[in-house]
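Here is my note on the model you sent round. Keep the structure open while you read, and find each element as it comes up.

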Amino acid sequence: MTKTKVLIIAYYWPPAGGPGVQRWLKFVKYLPEFGIEPIVYVPSNPSYPIIDETLLSEVSEGITVLKQPIKEPYKFAGFLSKSKTKTISKGIIPKEKRQSPIEKLMLFIRGNFFIPDARKKWVRPSVQYLDTYIDDYHIQTVITTGPPHSLHLIGMELQKRAGVKWIADFRDPWTTIGYHKQLKLTKFAKQKHKALEKKVLQSANQIIVTSSVTKKEFEQVTSKPIAVITNGYDTHTVSNPPLDTFFSLAHIGSLLAKRNPKVLWQVLKELVDENKDFAKDLQLHFVGSVSEDVLASIDSFGLSNYVYNHSYVTHNKAIEFQKKSQILLLIEVDSEETKCIIPGKLFEYMISNRPILALGPEASDIETLIKETNTGVYFNYHDHEALKKTLIKYYGAFQEGTLQAHAIGLQKYSRKNLTESLSKLILWE
């Protein structure tokens, strides 16, 4: 039986590390089981802020991966300041009062001269290359995944030239994502971003988003069909390590300057002062990049001695941390714009059998998922007393050796089941 060919245009692909690569790495893994042959198109010389060579082994054998060069402005920006360029490319933007003149300049240039983003120079050469490839190999469906959202411009142009069906996948929103406001945009630049976003949303044959909040937001802009396909979890070969003997709270992933729940640091400080055993047992593990603002805030509450900063680790090592930690922290910025953000790590948290302690804005998609799956507790940034009571309860269960999660209904978030939903959109005519 001949498989339907689909061309997937992505920026993040192994050896890129971090959450951006996981979604399509897993879709590509399972699509052949649903009668679809994925062909992946990625840059040959990308500037990835995080590298994880171990992910190369997860690329399915026999998958066609096309590569073409890209002009990366981040490489040239590195001549100004290599460390600051790498930090900003990870999405870690310091608070304005802490920004150096070089950082302010880099943010202004990024927001106003590279619209929609710093990978815009890849659009024209990619269209020229792929237009011929699509014709030669009889491809009928193209999928673009962003960010970077400039990749959607490739899909839009291929739709015009080659007459292909085009599916635009938004892993994150475009103009309403939190860091967009920090790019020092001029009025003209804001209007151009909005206009491009609207054009993409009204041109794609099908739109995919990762959250219900984003779907509602996009429905105000377009009448095109929008499907919610969340991120998910996959099977893995990491064995179960022994649980930490300390009362460990672990956060996996980047902690940006605004992901700074002072209410949590305040509660932990109070518990340390009130309970000598708690003070002996507490550990805070940060696995990934942590903003200096967050570390300074923790220090202001006298908690620095409890912090273990592991920086970035491989995906398998991150899973080990998730499985052995007593509690998993999930922290989102407390703002209207982040209600739609569902970090990919949430789904791996869910199958770790460890309770999730999450903080974020009211009425967020994260809160809905955690309650629906019974995998933890969700708090707003003002829930001081409720947060404290929960931590006391969790610590008591830790002392008794009974602390664990009791998840329900996780199967629908498996990568294979999610890929089945994707395959129906691809095969639909």
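1. Start with helix H9 (residues 262–274) and helix H15 (residues 384–400). In this predicted model, their axes come within 10 Å and cross at roughly 50°. H9 and H15 are therefore oblique to each other. An angle under 35 degrees would have counted as roughly parallel, and one of 65 to 115 as roughly perpendicular. The crossing of H9 past H15 is right-handed.

2. Which residues make this contact? H9 brings Val263, Leu264, Gln266, Val267, Leu268, Glu270, Leu271 and Glu274. H15 brings His384, Leu387, Lys388, Leu391 and Ile392. Sorted by class, the contact of H9 with H15 has 8 nonpolar, 2 polar and 3 charged residues.

3. Next, look at a sheet that H9 touches. Its 6 strands are paired in parallel, and the sheet is open. The order is S10-S9-S8-S11-S12-S13. Strand S10 (307–311) and strand S13 (376–379) each have a single partner strand, so each has one side without a neighbour in the sheet. On average, neighbouring strands here are turned by 20° against each other, direction ignored.

4. One edge of that sheet deserves a look. Strand S12 (residues 356–359) pairs with S13 through 4 bridges, in the parallel sense. Find Leu357: the residue opposite in S13 is Val377.

5. Now the helices on this sheet. H9 packs on the sheet and touches strand S8 (247–252), strand S9 (282–287), strand S11 (327–331) and S12. The direction of H9 makes about 155° with that of S9. Helix H12 (residues 315–324) packs on the sheet too, touching S8, S9, S10 and S11. For H12, the angle is about 145° with the direction of S8.

6. There is also a sheet of 7 strands. This sheet is open, and its pairing is parallel. Its order is S3-S2-S1-S4-S5-S6-S7. Which strands stand at the edges? They are strand S3 (64–68) and strand S7 (226–228). Each has a single partner strand, so one side of each is left without a neighbour in the sheet. Neighbouring strands of this sheet are turned by 20° against each other on average, direction ignored.

7. Take the S3 edge in more detail. Strand S2 (residues 36–43) runs parallel to S3, and 5 bridges join them. The partner of Ile39 across this pairing is Thr64 in S3.

8. Move to helix H5 (residues 123–137) and helix H6 (residues 150–162). Their axes come within 9 Å and cross at roughly 40°. That makes H5 oblique to H6. H5 passes H6 in a right-handed crossing. On the H5 side, the residues in contact are Val123, Ser126, Val127, Leu130, Asp131 and Ile134. They meet Ser150, Leu153, Ile154, Glu157, Leu158, Arg161 and Ala162 of H6. This contact of H5 with H6 divides into 8 nonpolar, 2 polar and 3 charged residues.

9. H6 also packs with helix H7 (residues 187–203). The angle is about 45°, and the axes are 10 Å apart. So H6 is oblique to H7. Is the crossing left-handed or right-handed? The crossing of H6 and H7 is left-handed. His152, Leu153, Met156, Gln159 and Lys160 of H6 meet Leu196, Lys199, Val200 and Ser203 of H7. By class, the contact of H6 with H7 has 4 nonpolar, 3 polar and 2 charged residues.

10. Check the charged pairs as well. The structure holds 14 salt bridges. One of them joins Asp169 to Arg23, with the closest N and O atoms 2.9 Å apart. Asp169 lies in strand S5 (residues 165–170) and Arg23 in helix H1 (residues 22–30), so the pair ties together parts that are 146 residues apart in sequence.

11. Finally, three points on the backbone in loops. The peptide bond from Ile115 to Pro116 is cis, with omega near 10°. Pro116 is in the loop between helix H4 (101–113) and H5. The bond from Pro147 to Pro148 is cis, with omega near 0°. Pro148 is in the loop between strand S4 (141–146) and H6. His138 has a positive phi of about 55°, although this residue is not a glycine. The loop between H5 and S4 holds His138.

Note on methods
Residues are numbered from 1 along each chain as its sequence is written. This is a predicted model: local features need pLDDT of at least 70, side-chain atom pairs count only at pLDDT 80 or more; totals for chains, interfaces and linings use all residues. Side-chain values use heavy atoms; hydrogens and water are left out. Two strands pair if DSSP finds at least two bridges between them. Helices (H or I, at least four residues) and strands (E, at least two) are DSSP runs, numbered from the N terminus. Axes are lines fitted to C-alpha atoms, for helices over the stretch in contact, and angles run from 0 to 180 degrees between N-to-C directions. Angles under 35 degrees count as roughly parallel, over 145 as roughly antiparallel, 65 to 115 as roughly perpendicular and the rest as oblique. A crossing is left-handed if the near helix is turned anticlockwise from the far one by less than a right angle, and right-handed if clockwise. Contact means heavy atoms within 4.5 Å. Ala, Val, Leu, Ile, Met, Phe, Trp, Tyr, Cys and Pro count as nonpolar, Asp, Glu, Lys and Arg as charged, and the others, Gly among them, as polar. A salt bridge is a side-chain nitrogen of Lys or Arg within 4 Å of a carboxyl oxygen of Asp or Glu.
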